[in-house]
Amino acid sequence: MKLPPFQYLEPSTVLEALSMLDTYRDTVQIIAGGTEVVNRLKLRLISPDYLMDIKKLPDLGGIAEHEQSIVIGANVSLNEIRDSSLLQDKYKAIAEAAFQVAAPPLANMGTIGGNILQNTRCLFYNQSEIVLKGLGVCHKRGGASCLAVKGGKRCFSVYLGDIAPALIAFDAKCVLEKSGSRRTIPIIDLFTGMGTQPLSIENNELLTGIIIPKQNGAYGSAYRKLRIRGSIDYPLASAAAFLALSADGKLAASRLVIGAAGCAPKVVARASAALSGKLPEDADFAAAADMAYELSEGVDNLALPGDYRRKMVRVLAQRALQGARADIKRGM
Ligand SMILES: Cc1cc2nc3c(=O)[nH]c(=O)nc-3n(C[C@H](O)[C@H](O)[C@H](O)COP(=O)(O)OP(=O)(O)OC[C@H]3O[C@@H](n4cnc5c(N)ncnc54)[C@H](O)[C@@H]3O)c2cc1C
C-alpha cells in the first residue's frame, strides 16, 4: 500500500516543533516511531498535508530519577523502558507492559509518547476503504452508524495501548507543551471516553514527558494482558494493578486499571474503596475483579468475542492484583 503525498517537516528543537504545530495545526500529523502513524496513512485513516518528525528532537529522551519523581521523555523507546533496571525494579507494571507491546523490532521504533497517544481501534475501522466498500460509513469515519453494534448511537472503538493503564496505576502525569504554555495533567485525563475523538490533546500540543510519582514503603505492581500471539499482538483485554501496604500489612492504597475494555483505560474506583484497609487476600481480589468485569465493555469488534474478552478482564484483574502482591514480597 502506498503512502498518500505529504510534506516532511523535521524541526531541530522543541521550540521549533511547537512553532510548526502552531502554524500548521489542522494539517500536520506528528510522527515519532511511526509504527502506528504509517499504518494509518496507508489505510487513508489520516491524510495530513504535513508530517512532522520528532524522533530526533533533543530533550525528549532519557529516564531521569528525581527526588520526588521519575521523568520519562516522550521519545524514549519501548525497548528502553523494557531494559530500564529502575523501572523493572520499582515500577514493575510499566516494564511488564512495555515488555508485552508488539514485538522487539516495533518496540525498538515505538516510543512511550506514541504508545500513550495511539488512537482507538476497531475491526470495522482499521481496514482499507476497499475492504469497507459497501458497508456504510461508521461514526469514527464521520458517518452516523456503528458497524460493530447494530443501531449503536456512538462509536465503540477500543483503546489498545498497553502502557497507559500501567502508568495510570501509578497515578502518573504527562506534560503537554504548546507555543507559550505548558500544562501537566494526570494521564487518565488525556482520555475523553469517546471513540470518535479518544484523546484530549490539542492539535498544537506536543507531549514532552511523563512524570511518575516516587513510591515509598512496601508496594508492588503488575500488568497482565491477553493476546492471541504472544510474540506480537495488541491486547484483547488487560489489567494493571498497584498495591501499597501499611506497617500492619493491610492495604493502604490500591489502584486497579483495565485496558482494551472500552474507548479509554478505566480505573476501577470501586475496587480501591473495597480493598482499602483489608489484608491483600484472594477473596477480596476476586471481588475487585468482579467490579472490573462490570466496568468493562465487551463488544464484538476485535479479534476475539466481546463476551470472552470481558470475562478475561476479570481473570486478568485478579492476576494483576496477585502479581502486585507478589511484587511487594519481592521488594521487601
Ligand atoms: C503489528 C503491530 C502490533 C502492535 N502491538 C501493540 C501492542 O501490543 N500494544 C500497544 O500498545 N501498541 C501496539 N502497537 C502500536 C504501536 O506500535 C505502539 O503503540 C507504539 O508504541 C507507538 O509509538 P510510535 O512512536 O511508533 O507512535 P507513532 O506512530 O509515531 O505515533 C502514534 C500517535 O501518537 C502521536 N504522537 C507521537 N508522539 C507524540 C508526541 N510526543 N506528542 C504528541 N503526539 C505524539 C502521533 O501523532 C500519532 O497520532 C502495534 C503496532 C503494530 C504495527
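This is a dialogue between a trainee and a mentor on reading a predicted model.

Trainee: Where should I start with the open sheet, and what is the order of its strands?

Mentor: A sheet is read by asking which strand lies beside which. In this predicted model, the open sheet of 4 strands has the order 9-10-11-12, and the pairing is antiparallel.

Trainee: Which strands stand at the edges of that sheet?

Mentor: Strand 9, residues 218-226, and strand 12, residues 266-267, are the edge strands, and each has a single partner strand, so one side of each is left without a neighbour in the sheet. Helix 11, which covers residues 282-295, packs on the sheet and touches strand 10, strand 11 and strand 12, while its direction makes about 35° with that of strand 11.

Trainee: How many bridges join strand 10 and strand 11?

Mentor: Strand 10 (residues 237-245) and strand 11 (residues 251-259) pair in the antiparallel sense over 8 bridges, and as an example of residues facing each other across that pair you can find A244 opposite A253 in strand 11.

Trainee: What do strand 6 and strand 7 form?

Mentor: To read such a pair, look at the pairing and then at the turn. Strand 6 (residues 173-178) and strand 7 (residues 181-186) pair in the antiparallel sense over 6 bridges, with C174 standing opposite I185 in strand 7. The two strands form a hairpin with 2 residues between them, and G180 in the turn has a positive phi of about 85°.

Trainee: Turning to the ligand, which residues come nearest to it?

Mentor: Begin with the surrounding residues, and then look at individual atoms. There are 34 residues around the ligand, of which I30, A32, T35, T111 and D162 come nearest. Two oxygen contacts can be followed atom by atom: a backbone N or O atom of E36 lies 2.8 Å from an oxygen atom of the ligand, and a polar side-chain atom of N115 lies 3.0 Å from an oxygen atom of the ligand. On the nitrogen side, a backbone N or O atom of L207 lies 2.8 Å from a nitrogen atom of the ligand.

Trainee: How much of the ligand's area does the protein bury?

Mentor: Taken alone, the ligand exposes 970 Å², and the protein buries 92% of that. The elements giving two or more residues to the shell are strand 2 (28-31), helix 2 (37-42), helix 7 (112-116) and strand 8 (206-213), and the largest share, 3 residues, comes from strand 2.

Trainee: What kinds of residue make up the shell around the ligand?

Mentor: The shell divides into 18 nonpolar, 12 polar and 4 charged residues.

Key. Residues are numbered from 1 along each chain as its sequence is written. This is a predicted model: local features need pLDDT of at least 70, side-chain atom pairs count only at pLDDT 80 or more; totals for chains, interfaces and linings use all residues. Side-chain values use heavy atoms; hydrogens and water are left out. Two strands pair if DSSP finds at least two bridges between them. Contact means heavy atoms within 4.5 Å. Axes are lines fitted to C-alpha atoms, for helices over the stretch in contact, and angles run from 0 to 180 degrees between N-to-C directions. A residue is near a molecule or strand if one of its heavy atoms lies within 4 Å of it. A polar contact is a pair of N or O atoms within 3.5 Å; within protein, one must be able to donate a hydrogen and the other to accept it, and residues adjacent in sequence count only if both atoms are side-chain atoms. Accessible areas come from the Shrake-Rupley method with a 1.4 Å probe; for residues, only the protein chains shown count as cover. Ala, Val, Leu, Ile, Met, Phe, Trp, Tyr, Cys and Pro count as nonpolar, Asp, Glu, Lys and Arg as charged, and the others, Gly among them, as polar.
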